[in-house]
Amino acid sequence: MSRKNVAKHVRRTDRKKALHRFSGILSHNPVLVGGLLLAPVVVASTSLKNAVALSITLAIVTIPTMVVASFVKTAVPQWLRIPMYTLIASLFLIPAAMLVAPIAPTIFDSMGMYFSLMIFNSVLFSRCEKFAIKKSPIEALVDGACYCTGFAFAIVMISAVRELLYANTLWGLPVPLPFKITAAVLPFAGFMLVAMFAAVGRYLRELAYKIANKRRMRTKQPIIGLPVGEEVAR
């Protein structure tokens with residue numbers, strides 16, 4: 001292999017690694033790909049205000065906990081780490097609730113116990129155990145921020161559609177539509193929208209991989225199958 005080809009291979013590998021760091025936003029979206037955090041998405045994604053409030057809450061309880069996990073690593077035995085993550089996350093839940101209350105004052109009534117259960121969210125436990133304890137604090141912070149952004153991306157889209165359909169509003173502002181679908185506020189509508197967006201996302205990913213394959217085959221550098229990334233743990 002010539003020096004030029006080696007340099008191209010190195011650059012391509014570096015680009016893949018850089019993209020993989022941000023995979024939690026789209027290609028490994030925790031909601032649409034991993035199927036995580038479905039309960040709060042289905043129950044509370046009835047308005048944009050609720051979506052933003054939940055996204056802020058998830059970030060506040062998840063990112064600091066992952067950073068702490070990256071410092072602790074395996075110094076704490078595995079059986080004790082999960083309770084430790086829960087305790088740390090619960091310490092951040094109260095300031096998170098105070099911060100989001102002005103944005104969505106009805107979120108506590110609409111979510112009920114699900115808001116408090118954000119400290120037990122599956123993204124927190126899976127990313128702490130699979131990623132944070134093996135990486136540096138900066139890498140854990142970036143990974144947590146990406147997965148929280150991916151959650152926000154999914155829930156904001158779903159909430160916008162549901163609010164438009166059942167209330168004809170966005171962020172409380174009226175949007176003139178000729179019809180209303182009041183059933184959009186029910187949980188089954190949330191499940192249907194999650195499935196629809198997940199299917200669209202999968203189609204777009206496969207389309208992007210096919211286009212990439214065709215381009216590489218034109219340059220006589222075919223790749224076999226789809227790239228395998230880090231799987232999101234349930």
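Which side chain does R81 meet in a salt bridge? The close-ups below start there, and keep in mind that this is a predicted model.

**Close-up 1. R81 and E129 join up in a salt bridge.** The partner of R81 is E129, with 2.8 Å from N to O. This pair links distant parts of the chain: R81 belongs to helix 4 (residues 78-100) and E129 to helix 7 (residues 122-130), 48 residues apart. Both ends are tucked away, as R81 counts as buried at 7% relative accessibility and E129 counts as buried at 19%.

**Close-up 2. R127 and D143 make a salt bridge too.** Here the N to O distance is 2.9 Å. R127 sits in helix 7 and D143 in helix 8 (residues 137-167), so this contact ties together parts 16 residues apart in sequence. With just 2% relative accessibility, R127 is buried, and D143, at 5%, is buried as well.

**Close-up 3. E206 and R202 pair up within helix 9.** Their salt bridge spans 3.3 Å, N to O. The two residues are four apart in the helix, which means about one helical turn separates them. E206 is partly exposed at 32% relative accessibility, while R202 is exposed, with a relative accessible area of 51%. The count for the model comes to three salt bridges.

**Close-up 4. A nonpolar patch lies on the surface.** M196, V200, Y203, L204, L207 and I211 make this patch, which covers about 560 Å². Take L207 as one of its members: this leucine is found in helix 9 (residues 187-218). L207 is partly exposed, with a relative accessible area of 35%, so it passes the patch cut-off of over 30%.

Definitions and conventions: Residues numbered from 1 in each chain as written. Predicted model: local features only at pLDDT ≥ 70, side-chain atom pairs only at ≥ 80, totals over all residues. Heavy atoms only, no water. Patch = residues over 30% accessible without salt bridge, like charges linked within 9 Å, V, L, I, M, F, W, Y side chains within 5 Å. Areas by Shrake-Rupley, 256 points an atom, 1.4 Å probe, with all protein chains shown as cover. Salt bridge = Lys/Arg side-chain N within 4 Å of Asp/Glu carboxyl O. Buried < 20%, exposed > 50% of the residue type's maximum accessible area, 1.4 Å probe, protein only.
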